[in-house]
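Reader: Hello! I have the chain open on my screen and would love a close look at one part of it, with its surroundings. Could you walk me through it?

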Amino acid sequence: MAHWSDNLEMTFTHRGSWKGHIKSRGQIIDTVPVSWTKGWVVDKDTKSIYLEVWFQKEDELLAAMNAAEPFKVAVGIANDYDAFPHSFSEYRGLFLVQPTGERLSDISIQTKVLERIKG
């Protein structure tokens, strides 16, 4: 099923995937991790925005955590945050994030949100 935000379409790569294809005008322009609004945190002092990003595979988590360059993440709202794995309710947008180097759990890292990407 396709989801839209900011003139960009997002579809999951396959059933049960934690990644999404980002499309513009029907063409895949990127494949990115999908994160959740529950991981969105605003620092009260600096107003910086941080996003927890989850990964299914350890090697992908480590690569993202140690990446020198920013990467894109699709952010969505889950139908029920108490159910795991989460099921997708709404696509909120595509964001460019910079990993902070901090691992938050066995399956997640912290990133700093740099900007929202629009199509």
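Reader: Is E9 buried or exposed, and what is its relative accessible area?

Author: Happy to help. E9 is buried, because its relative accessible area is 12% (buried means under 20%, exposed over 50% and partly exposed in between, with a 1.4 Å probe and protein chains only). Please keep in mind that this is a predicted model, in which local features need pLDDT of at least 70 and side-chain atom pairs count only at pLDDT 80 or more, while totals for chains, interfaces and linings use all residues. Residues are numbered from 1 along each chain as its sequence is written, and side-chain values use heavy atoms, leaving out hydrogens and water.

E9 sits in strand β2, which covers residues 8-12. Helices (H or I, at least four residues) and strands (E, at least two) are DSSP runs, numbered from the N terminus. In space, E9 and G119 are 9.1 Å apart, C-alpha to C-alpha, although 110 residues separate them in sequence.

Let's step back along the chain to the loop between β1 and β2, where D6 is found. D6 has a positive phi of about 55° although it is not a glycine. N7 belongs to that loop between β1 and β2 too, and its phi is near 65°, again positive in a residue other than glycine. Most residues other than glycine have a negative phi. As for their surroundings, D6 counts as partly exposed at 24% relative accessibility, whereas N7 counts as exposed at 61%.

D6 also has a partner of opposite charge. R116 forms a salt bridge with D6, and their closest N and O atoms are 2.5 Å apart. R116 lies in strand β9 (residues 108-117) and D6 in the loop between β1 (3-5) and β2, so this pair ties together parts that are 110 residues apart in sequence. A salt bridge here is a side-chain nitrogen of Lys or Arg within 4 Å of a carboxyl oxygen of Asp or Glu. R116 is partly exposed because its relative accessible area is 36%.

How far can you trust this region? The mean pLDDT of the protein is 90, and 93% of its residues reach 70 or more; pLDDT is the predictor's confidence in each residue, from 0 to 100. Confidence is lowest in β1, at a mean of 72, and highest in β9, at 98. Where pLDDT is low, the predicted coordinates should not be read in detail.

The R116 and D6 pair has company, since the salt bridges come to 4 by this rule. Another one joins K19 and E60, with the closest N and O atoms 2.7 Å apart. It links distant parts of the chain, namely strand β3 (residues 19-24), which holds K19, and helix α1 (residues 58-65), which holds E60, 41 residues apart. K19 counts as partly exposed at 31% relative accessibility, and so does E60 at 23%.

A further salt bridge brings together the side chains of D30 and K72, at 3.2 Å from N to O. Here the link runs between strand β4, home of D30, and strand β7, home of K72, over 42 residues of separation. D30 is partly exposed at 26%, and K72 is partly exposed at 30%.

Those two strands also meet through their backbones: β4 (residues 27-36) and β7 pair in the parallel sense over 3 bridges (two strands pair if DSSP finds at least two bridges between them). S35, for instance, has V75 as its bridge partner in β7. Strand β7 (residues 71-78) is mostly covered, with 7 of its 8 residues buried.

For another buried residue, try S48 in the loop between β5 (40-42) and β6 (49-54). S48 is buried because its relative accessible area is 16%. Leaving aside neighbours within four places in sequence, S48 is in contact with V41, V42, D43 and K112, where contact means heavy atoms within 4.5 Å.

Finally, G101 is in strand β8 (residues 88-105), and it is partly exposed with a relative accessible area of 42%. Not counting residues up to four places away in sequence, G101 touches M65 and Q110. G101 and V73 are 16 Å apart, C-alpha to C-alpha, and 28 residues apart in sequence.
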